[in-house]
Amino acid sequence: MEIPPSGDSPRTRFFETCCRYFRDDPPKGDFAVQKKSPKLCGSNYPLSIAFIVVNEFCERFSYYGMRAVLTLYFLSFFHWDENLSTAVYHAFSALCYFTPVIGAIMADSWLGKYKTIIYLSIVYVVGHLIKSVGAIPSLGNQVVHVILSMVGLFLIALGTGGIKPCVSAFGGDQFEEEHTSERSKFFSIFYLSINAGSLISTFVTPVLRGDVKCFGEDCYALAFGVPAALMVLALVVFIAGSGLYRKTPPQGNVLLEVCKCIGFAIKNRLKNRSRQIPKREHWLDWASEKYSKQLIGEVKMVTRVLFLFIPLPMFWALFDQQGSRWTLQATKMNADFGIYVLQPDQMQFLNPLLILVFIPIFDLGLYPLINMCKFNFTPIRKMATGMILAGMAFGLAAVVELKINETDMPQLVPEESLIRVLNLAKNPVQVTIQDRDLFQQPVEAFQNPAEYSKLILNGEQQSLHFTLQHQGLSLAFNYTVKEKSVYSLIVFEAEGSLSSRLITDLEAKPENGLAAVRFINGLSQDVNLSIDSKRFIAVQKNYSASEYSLLERDKYNNGKCITEMGEFTLELGLLDFGASYTIVITNVSGGDVKTWKSEDIKANNVHMAWQLPQYLLISAGEVMFSITGLAFSYSQSPASMKSVLQAGWLLTVAVGNTLVLVVAQAAPMAQWAEFVLFTVLLFAVCIIFSVMGYFYVSVDPEDLEEKEEKRETSSRGNMISLVTQKTKL
């Protein structure tokens with residue numbers, strides 16, 4: 001199968017490998033089913049490829065759409081913490097890159113490509129359906145949801161990984177051998193369909209999750225259900241073209257042969273460790289008792305390149321965090337772009353979009369310009385540059401994370417709490433806490449509260465004596481304060497005298513960019529509040545406080561406040577991303593409710609647009625690293641071994657995701673520190689890779705094969721000469 005140059009590929013990583021993975025040349029000779037497919041509009045393009053392209057678009061929409069919302073699903077639906085959500089996300093991603101080996105072995109050694117695609121697509125569909133059902137809140141408890149989701153994800157990983165090495169190769173099989181140029185153009189169309197599916201789904205699916213509400217919350221069932229429907233459509237379309245396909249029988253799997261050859265060489269070497277046994281030039285030569293010199297020579301070429309692959313997983317460890325850590329970072333940012341409010345998981349669509357933009361810019365502009373400057377920009381240097389760009393992207397992510405943390409609540413430690421004062425009385429109040437030097441200045445009436453003050457305790461909890469001085473009077477109150485808690489001391493006038501109440505505040509920002517709001521009823525009668533058509537809150541009289549309610553970021557000016565005197569309009573104004581508010585109902589007049597709004601926790605003030613530079617850098621890094629790496633590895637392997645190198649390339653992605661899983665679970669740390677850690681690790685790996693690349697000598701596999709053939713011919717010639725001499729004697 002002919003592989004288009006790297007510049008012809010509009011997407012990387014996922015689909016740049018699927019067409020090259022396990023069978024590089026179409027089988028020659030007679031097939032079990034060998035037919036000429038009808039052509040498209042009189043061209044040399046088989047009609048069958050239309051079904052394959054549509055199938056691939058739907059399948060990629062299905063996969064990327066489901067994966068786009070996966071991290072927030074773990075965080076919001078299962079209420080897992082960020083580290084566990086990240087770990088499971090990357091475990092799933094790693095499995096998706098391990099399973100192509102299974103699919104390739106099934107296709108090449110057992111079922112053939114067509115049946116493998118059909119059977120594993122059915123598994124894929126079942127996984128999607130189970131995953132969608134598991135996202136219905138009313139179906140069972142959380143244990144049921146987790147079990148269904150994990151089973152669904154496992155089947156999805158088996159399905160998407162299993163068909164990855166088969167679909168594009170099956171598309172290449174549809175062309176007759178003389179139509180090589182049409183086959184190359186087919187791959188460009190094939191990649192375009194993949195990119196279109198990825199781009200559209202990563203933008204649309206988060207909208208289905210966040211903007212559509214079902215069961216009273218984000219509609220994850222719909223967000224997973226639509227990709228499931230697309231996968232069903234992909235399977236139906238693929239089966240519909242069954243009568244048009246050229247179906248080739250299994251040809252045997254070269255990867256298994258390579259693994260057996262390497263295993264036999266190692267085993268044979270360990271058996272023959274005696275010093276009396278002559279050493280061999282290369283450790284793979286110990287397989288010569290069982291395998292041909294040609295196979296051993298080709299395996300030697302492959303192992304040289306696979307050795308260079310060792311540092312590569314670190315790049316993928318950073319790259320694939322776009323769907324986990326970077327999405328979680330986006331939930332803590334301001335997503336209002338004026339004309340449109342982005343969902344945090346929608347930012348991932350920038351990557352496929354930027355890839356489409358960067359590939360022609362790099363191939364037609366940047367690389368020719370560098371060549372004009374007489375700089376030898378080798379593939380190794382391009383890949384190292386891609387690593388540097390990805391490391392810089394994570395350095396920027398660390399800076400953004402530090403800015404985000406400025407609006408976070410302080411992290412509390414044992415025997416420590418936070419407290420502030422809300423003065424709802426008509427005059428200034430001086431607050432004194434026993435043996436504490438806090439609130440040195442009087443708190444004005446309805447004064448916007450200052451930052452929380454730190455309260456040091458003597459144990460897990462402590463009873464503290466509070467003194468309030470108001471208009472020459474001094475009042476004392478005792479309250480029990482617990483460690484690692486946040487409090488507001490409400491001071492108010494009730495029945496002509498000063499009183500107070502200690503209420504508990506939120507200890508951290510609301511998750512996923514939601515806003516939190518609670519109400520304090522300053523009226524002498526109970527009130528019933530409706531913020532929107534679905535949310536109703538009852539608050540008792542005399543400065544009682546409601547629980548916090550979580551709301552989407554929006555302006556809420558059409559609420560209702562129902563009292564004994566009637567129904568009044570309730571205007572709350574903008575409740576912003578990640579903020580927490582206390583709204584005090586002070587009085588009712590003129591048909592409106594008078595309120596006072598206090599911001600307990602500051603809103604997210606770092607705009608999501610600040611993630612754009614890091615997406616630009618890592619997308620540019622992907623173009624330089626991934627496309628160049630694939631073209632380089634393809635050029636350095638013999639024709640029969642290209643599929644083995646593609647297997648090795650996919651496994652670097654799997655190992656990279658495994659590294660993230662390990663870091664997230666084994667070494668939890670502040671998020672900015674983790675970004676810095678990955679930056680340092682990638683820079684260190686880049687240095688190692690550059691040194692390895694410096695000593696690597698590029699080869700032309702065809703030249704090596706010719707030399708090997710000449711050497712064997714010469715060797716056979718000598719052997720014939722010896723035999724002839726013996727015969728004469």
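## A walk through a predicted structure

Let us start with one residue: F439 counts as buried, at 15% relative accessibility. The cut-off for that word is under 20% relative accessible area, so a value of 15% puts F439 in the buried class. Keep in mind as you read that this is a predicted model.

Where should you look for F439? Find the loop between β4 and β5, and you will have its place. The backbone of F439 is worth a look too, since its phi is positive, about 50 degrees, although F439 is not a glycine. That loop, between β4 (430–433) and β5 (453–456), is also the place of D435. D435 has a positive phi as well, near 60 degrees, and D435 is a residue other than glycine. Is D435 buried or exposed? With a relative accessible area of 72%, D435 is exposed, because the label "exposed" applies over 50%.

Now let us move to a pair of helices. Helix α8 covers residues 180–210 and helix α9 covers residues 220–240; the two pack with their axes 7 Å apart, at an angle of about 150 degrees. This makes α8 roughly antiparallel to α9, because angles over 145 degrees are put in that class. The crossing of these two helices, α8 and α9, is right-handed. Which residues make the contact? From α8 come T205, L208 and R209, while α9 brings Y220, L222, A223 and V226. Sorted by class, this contact of α8 with α9 has five nonpolar residues, one polar residue and one charged residue.

Next come the salt bridges. How many are there? The count comes to 18 salt bridges, and we can visit a few of them. In one, the side chains of E59 and R60 meet, at 2.7 Å from N to O. E59 counts as buried, with a relative accessibility of 2%, and R60 is buried too, its relative accessible area being 3%.

Another salt bridge joins K332 to E401, with 2.8 Å between the closest N and O atoms. This pair links distant parts of the chain, for K332 and E401 are 69 residues apart. K332 sits in the loop between α13 (325–330) and α14 (350–372), whereas E401 belongs to helix α15 (residues 379–405). Both K332 and E401 are buried.

For a third example, turn to K560 and E567, which form a salt bridge whose closest N and O atoms are 4.0 Å apart. K560 is partly exposed, with a relative accessible area of 32%, and E567 counts as exposed at 52% relative accessibility. Salt bridges can also share partners, and in this way R209, K213, D218, D345 and E552 are joined into one network. You have already met R209, one of the α8 residues in the contact with α9.

Our last stop is A666, in helix α17 (residues 642–666). A666 is exposed, with a relative accessible area of 61%. How far apart are A666 and N83 in sequence and in space? Along the sequence they are separated by 583 residues, while in space their C-alpha atoms are 9.7 Å apart. Try finding A666 and N83 in the structure above, and compare their places in the sequence with their places in the fold.

How values were computed: Residues are numbered from 1 along each chain as its sequence is written. This is a predicted model: local features need pLDDT of at least 70, side-chain atom pairs count only at pLDDT 80 or more; totals for chains, interfaces and linings use all residues. Side-chain values use heavy atoms; hydrogens and water are left out. Axes are lines fitted to C-alpha atoms, for helices over the stretch in contact, and angles run from 0 to 180 degrees between N-to-C directions. Helices (H or I, at least four residues) and strands (E, at least two) are DSSP runs, numbered from the N terminus. Angles under 35 degrees count as roughly parallel, over 145 as roughly antiparallel, 65 to 115 as roughly perpendicular and the rest as oblique. A crossing is left-handed if the near helix is turned anticlockwise from the far one by less than a right angle, and right-handed if clockwise. Contact means heavy atoms within 4.5 Å. Ala, Val, Leu, Ile, Met, Phe, Trp, Tyr, Cys and Pro count as nonpolar, Asp, Glu, Lys and Arg as charged, and the others, Gly among them, as polar. Buried means under 20% relative accessible area, exposed over 50%, partly exposed in between (1.4 Å probe, protein chains only).
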